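The following report describes a protein chain through its empty spaces, its sheets and the helices that pack on them. Please keep the sequence and the 3D view at hand while reading.

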Amino acid sequence: MTTHAAVAASAEVKKAIPALAELAGNIGDRQVRNRGTIGGSLANNDPAACYPAAVLGLGATVTTDRRSIPADQFFKGLYETALAEGEIITSVSFPIPEKAGWQKFNQPASRFSIVGVFVSKGPQGVRVAVTGAGAGVMRVKALEDKLAAGWSAAACNGVRVSAEGLSTDLHGSAEYRAALIPVLAGRAVAAAG
Ligand SMILES: Cc1cc2nc3c(=O)[nH]c(=O)nc-3n(C[C@H](O)[C@H](O)[C@H](O)COP(=O)(O)OP(=O)(O)OC[C@H]3O[C@@H](n4cnc5c(N)ncnc54)[C@H](O)[C@@H]3O)c2cc1C
């Protein structure tokens with residue numbers, strides 16, 4: 001039941017994972033941020049939602065009234081998650097990263113991501129999670145490998161992401177989304193420092 005506005009304003013979150021507070025503070029508009037919740041966003045798993053990128057990109061753990069689910073096992077595809085019928089998300093735990101950054105190329109009317117990229121370097125190594133590009137949030141191994149070899153924005157230059165399976169709609173083609181992924185990853189790394 002934690003609203004996006006509460007996460008964005010949290011001094012604790014801003015100190016521990018500033019990129020997470022920034023992500024929450026750029027979801028939709030004020031009304032959306034004051035009504036929408038992290039649990040609702042994750043359970044809904046909209047393919048263009050922001051929080052799934054942070055949860056997967058930081059290697060968070062989703063806790064429910066029944067069990068703990070690692071991020072890598074939580075998101076199952078278009079609006080689909082590992083949650084069973086009636087299972088309720090009660091908390092989300094984020095490991096504190098050394099570095100983390102978020103960049104969203106947003107659809108100006110709704111502010112949902114046309115493509116959004118969350119990068120982190122931390123206890124679980126380098127993670128790059130992309131939202132908005134396809135049927136659901138996904139990790140991009142080619143970028144993770146490059147950034148693990150050398151954490152710099154320039155490392156993302158020249159990484160080619162396949163457009164196969166990505167979405168085409170009135171906002172952008174699959175090829176356009178594929179081209180945006182390494183560009184936004186580089187900007188997210190630059191923002192992370
Ligand atoms: C105009 C507009 C713009 C938006 N822009 C963005 C954006 O830029 N980025 C972004 O990420 N999102 C965006 N959103 C989505 C928004 O952030 C909400 O998170 C989303 O609409 C879900 O609403 P909610 O969080 O109130 O969840 P609800 O609508 O209450 O719930 C969604 C689903 O999840 C289930 N659910 C809710 N809480 C839990 C829980 N704790 N455990 C298990 N199941 C649960 C509900 O039963 C329901 O099936 C936008 C929405 C609107 C309307």
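What volume does the second largest pocket have? The second largest pocket has a volume of about 210 Å³, and of the 16 residues that line it, His4, Ile27, Ser41, Ala49 and Phe112 are the closest to its centre. This is a predicted model, in which local features need pLDDT of at least 70 and side-chain atom pairs count only at pLDDT 80 or more, while totals for chains, interfaces and linings use all residues. Residues are numbered from 1 along each chain as its sequence is written, and side-chain values use heavy atoms, with hydrogens and water left out.

**Pockets and cavity**

Empty space is searched on a 1 Å grid over the protein atoms alone: a cavity is a set of points where a 1.4 Å probe fits but cannot get out, a pocket is an open set with protein on both sides within 12 Å along at least five of seven lines, and lining residues have an atom within 4 Å of a point. Grid points are joined across faces, edges and corners, and a volume is the space filled by probe spheres set on the points. The lining classes count Ala, Val, Leu, Ile, Met, Phe, Trp, Tyr, Cys and Pro as nonpolar, Asp, Glu, Lys and Arg as charged, and the others, Gly among them, as polar.

| Space | Volume | Lining classes |
|---|---|---|
| Largest pocket | about 360 Å³ | twelve nonpolar, six polar, one charged |
| Second largest pocket | about 210 Å³ | five nonpolar, eight polar, three charged |
| Largest cavity | about 50 Å³ | four nonpolar, four polar, two charged |

The largest pocket is lined by 19 residues, and Thr2, Ile38, Gly39, Ser91 and Val92 lie nearest its centre. Helix H5 (38-44) and strand S5 (89-93) each supply at least two residues of that lining, where helices (H or I, at least four residues) and strands (E, at least two) are DSSP runs numbered from the N terminus. H5 also takes part in the second largest pocket, to whose lining it gives the most, with three residues.

The structure holds one cavity of 30 Å³ or more. Among the residues that line the largest cavity are Leu58, Pro95, Ser120, Lys121, Gly125 and Arg127. S7 and S8 are the elements that give two or more residues to this lining, and S7 gives the most, with three.

**The two sheets**

Strands count as paired if DSSP finds at least two bridges between them. One open sheet has four strands in the order S6-S7-S8-S9, with antiparallel pairing; its edge strands are S6 (99-106) and S9 (138-139), each of which pairs on one side only. Within this sheet, seven bridges join S7 (residues 113-122) to the antiparallel S8 (residues 125-131), and Lys121, which also lines the largest cavity, has Val126 of S8 as its bridge partner.

Helix H3 (residues 18-25) packs on this sheet and touches S6 and S7, with its direction making about 20° with that of S6. Contact here means heavy atoms within 4.5 Å, and axes are lines fitted to C-alpha atoms, for helices over the stretch in contact, with angles running from 0 to 180 degrees between N-to-C directions. Helix H6 (residues 51-58) lies across S6, S7, S8 and S9, running at about 160° to S8.

A further open sheet has three strands in the order S2-S1-S5, again with antiparallel pairing. Strand S2 (68-70) and S5 stand at its edges with a single partner strand each, so one side of each is left without a neighbour in the sheet. On average, neighbouring strands of this sheet are turned by 25° against each other, direction ignored. S1 (residues 61-64) and S2 pair over three bridges in the antiparallel sense, with Ile69 of S2 as the bridge partner of Val62.

**The chain as a whole**

The secondary structure of the protein chain comes to nine helices and nine strands. Its C-alpha atoms fill a box of roughly 45 × 35 × 30 Å, taken along the principal axes.
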